[in-house]
Amino acid sequence: MGADTSTCSSSSRWGFRWFSVGATTIQLLLFVFLMGRTECWRPSASNPAPGPTSTNIPNAGWMHRMRLDANYDVYWSINESEVTFEVQVRTLGYLVFGLSPSGHIQDADLIVGWVHNGRPRFQDRHGLANGGSSLDPQQDYDLIGAHENETHTVMRFRRKLVTCDDKDLNITVSTSWMMYAYSASDPLSDADISFSNNPHGSKPVYLMHRSQFADDELPSDVKVWDLRNYQVSVPENEDTLHWCRIFKLPPLDRKHHMIRYEPVFTAGSQPFVHHMNVYECVGDPSVFEVLAATEGSRCYQPSMPPLFFNCNNVVVAWTAGSEGFTFPSEAGYPMNRAGGAKFFMLETHYDNPNLQSGIVDHSGLRLFYTSQLRHHDAGVLSVGIDPNWKHIVPPGQRRVVSEAHCVADCTQQALPSRGINVFAVNQHTHLLGRQVQLRHIRGDKELPALVDDTNYDVHYQEYRQFQKPVNVLPGDHLISQCTYNSESRSTITLGGLSTREETCLAYLLYWPRVDLSLCYSLPSLATILHSLGIQELHPGSDPVRIKSPPELADQTVEERLITFDWDKNFHTFQEATRRGAFRPLCWGKTQALIDGSTAPDYYAPNITQPLPEADPSVCAPRGTLPPRPANVAKTPHRKNVNGGVSGNVQRNRTATTTHAPATVPALTTTTTTTSRSASITTGRPSLAAESSSGQLNHNGQVASVWGQGVSLNHEKAAAAPLPPSSVVIETPLNDVIHLHNHSAATQETTASQELSSRRASVMQNSSESTYPRLGSFTIILIALCCTYNSVWASSSCGRSSSSRRRSSL
């Protein structure tokens, strides 16, 4: 019996060991086999990969929108950290959307997207010097939803304002360009993606600051007043013409508010209209009645009627590139107020640099006004450099800075105790302007600038409307600062009214309206002479001649300007003009509060508390990205919910899901029901919703997606048909699932790298497998093997243990 027991025990023990090893081997082989099947599985057009599919995405109450061409509309909303876009394009092929600092494809931050067999494809790319594009190693755009109907492709996506990717453009308050293109068909490979071979273009835009929508609903009683020129012949022998015409206010029985204005052009004349301003006029009404019956005359000429110079207070300032302006709901410009102006002057600046002939113009401005009064009367304040030869821009320089000061003494006299609230600003230069700022000084402390555009474009001078008005108090000092590039000029450029001359102006729209029209400054004569190395002039000389120093004696000031060695002396000149004395000019609606011709010299304020330096944790500007910390330099990185990067993440770490933060405040919905045919927005194409399983692709691959239903972005949410604009929003716009698996790969991934990527991807996402049935089948088989092993071992070796217990007894 002992032998039997021993034999049983031995055989059972060895049988158990053999089966344990064998079962484990079988399990591993089976698991590897199944994993190999997973790796080798290739999605195709007939067998698409599970990609983003339909979920309900509420309609967004967009903050901004822009029509790039007749077939391409863009909507967007911004908060403190990210921006959400939606593009609606009349095409069933692919679309391109991008952002650029210059409007050129070679430096553009691009996305390319299309919908194939109901599945969206989406790529984060960047433009190349040859006009093509390449896939970004780091995918920073998140696809929220995409859909296609009989006529349109619609995509909604978002990104961080600063992505810390040198292939992306940081979104700031500076001017940027929207790039766009669209094709009639889906691409079959990278070679098919083209920008210039399809309908394409670009438009400048202030992504952070943009006027309210021009097609918003107007009050029922809105009236229109056109101030237009009549048969103005633009000279063919002059490059600049300023034309002034007087208009009488339409008969109004009570006070009204102007709430919008827009330009009106004669066909073909728009390129020649540089700016148009409307001024209030004060003076003898009977004389203005006579002037209003005329077609106008040249401005600022001896032949100009003297009363024209009584039109000083700016009402409207339109500059090239602007689509007009819509006032915010709380303010409007007062018309027919008690004691207000009855006559207005339209000043039009025509620019004809190529001296073209036969230009006859009827352009002007259209004003919209209503008797439904807003809460505040709005005003316009001009801050800038008085147009004068003392404003000098030296030639051949990459960076020349000019500053105009609105001094504290002026604001102290003119502003109420609670100050004014600036809700929009338009900065204006001529052809050399490259950067503009409107700085804000309070005492010895510099506050955040109202405008700070490091990418200013002279052909796009639109008003920037702030999300929240900026309070300017009595005693505040404002500086309109313009930076010019004069490398294209071989001679000096002087301040003046023509386009060839230069200017530096800021138009501030504000409420409540006060008796302050313009706040200018100009370098003093002593400052200009000092900057040119001139010590003394001959008194009473004509032309003005230099007395000392001896080496300059008897030269005229004009000769000194022409012969000055700017390359050698530029920095001395720049320092002298910025730190030297200036004369302020501060005008109310009817009189000078500070007269520059008699005022004492002023100097720039002494700022002891400058603006704090940029947070070093924020990425450097494009092209100057700081190196990655050593401890994460060779470690796959993972994006967290807030867009940051967490280091030392294990490659096989299980991906987790989380709800992303909403990008649009207070956007919620009471219904998520999507109709079969749902309108995106009023007047936009309807989208037929398609049913789907709602599965997400979150394998994080960045290989080619041609013929696959997979999104390239590693953090894509489910694509969705977009609901009608009538949906009431009450749940966060972006309350959608994201997988944060941000591995870096390139389009040139080799076959072996692709297999490794797929293996790592499946391992990373094992808890939320892209292939749930396959994963469940594997787990079931392993569980059955383990169960069988346990049952077999316990039954077999249980008998031997019983025998041993009986033997011992």
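I will go through one sheet, one buried aspartate and a few backbone outliers in this predicted model.

The sheet is open and has 7 strands, in the order E31-E28-E34-E25-E35-E38-E39, with mixed pairing. At its edges are E31, residues 464-472, and E39, residues 592-594; each has a single partner strand, so one side of each has no neighbour in the sheet. From one strand to the next the twist averages 25°. Within the sheet, E25 (379-385) and E35 (518-523) run parallel, paired over 4 bridges. One residue pair to look at there is glycine 384 with its bridge partner in E35, tyrosine 520.

Next, aspartate 351, in strand E21, residues 343-351. What is the nearest side chain of opposite charge to aspartate 351? That is arginine 489, 9.5 Å away; aspartate 351 is buried and has no salt bridge. A salt bridge would need a nitrogen-to-oxygen distance within 4 Å. The aspartate 351 side chain does make a polar contact with the side chain of threonine 499, at 3.3 Å. Residues touching aspartate 351 also include Asp239, Pro271 and His274.

Now the backbone. Most peptide bonds are trans, and most residues other than glycine have a negative phi. Tryptophan 511 and proline 512 are joined by a cis bond, omega about -5°, and proline 512 sits in the loop between E34 and E35. The bond from aspartate 542 to proline 543 is also cis, omega near 5°.

Two residues have positive phi: tyrosine 300, about 55°, and asparagine 336, near 65°. Tyrosine 300 is partly exposed, at 34% relative accessibility, whereas asparagine 336 is buried, at 15%.

Methods. Residues numbered from 1 in each chain as written. Predicted model: local features only at pLDDT ≥ 70, side-chain atom pairs only at ≥ 80, totals over all residues. Heavy atoms only, no water. Pairing = 2+ DSSP bridges. Helix = DSSP H or I, 4+ residues; strand = E, 2+ residues; numbered from the N terminus. Axes fitted to C-alpha atoms, helices over the stretch in contact; angles between N-to-C directions. Buried < 20%, exposed > 50% of the residue type's maximum accessible area, 1.4 Å probe, protein only. Lys, Arg positive; Asp, Glu negative; His and termini not counted. Polar contact = N/O pair within 3.5 Å; in protein donor to acceptor, adjacent residues only side chain to side chain. Contact = heavy atoms within 4.5 Å. Lists of a residue's contacts leave out its neighbours within four places in sequence.
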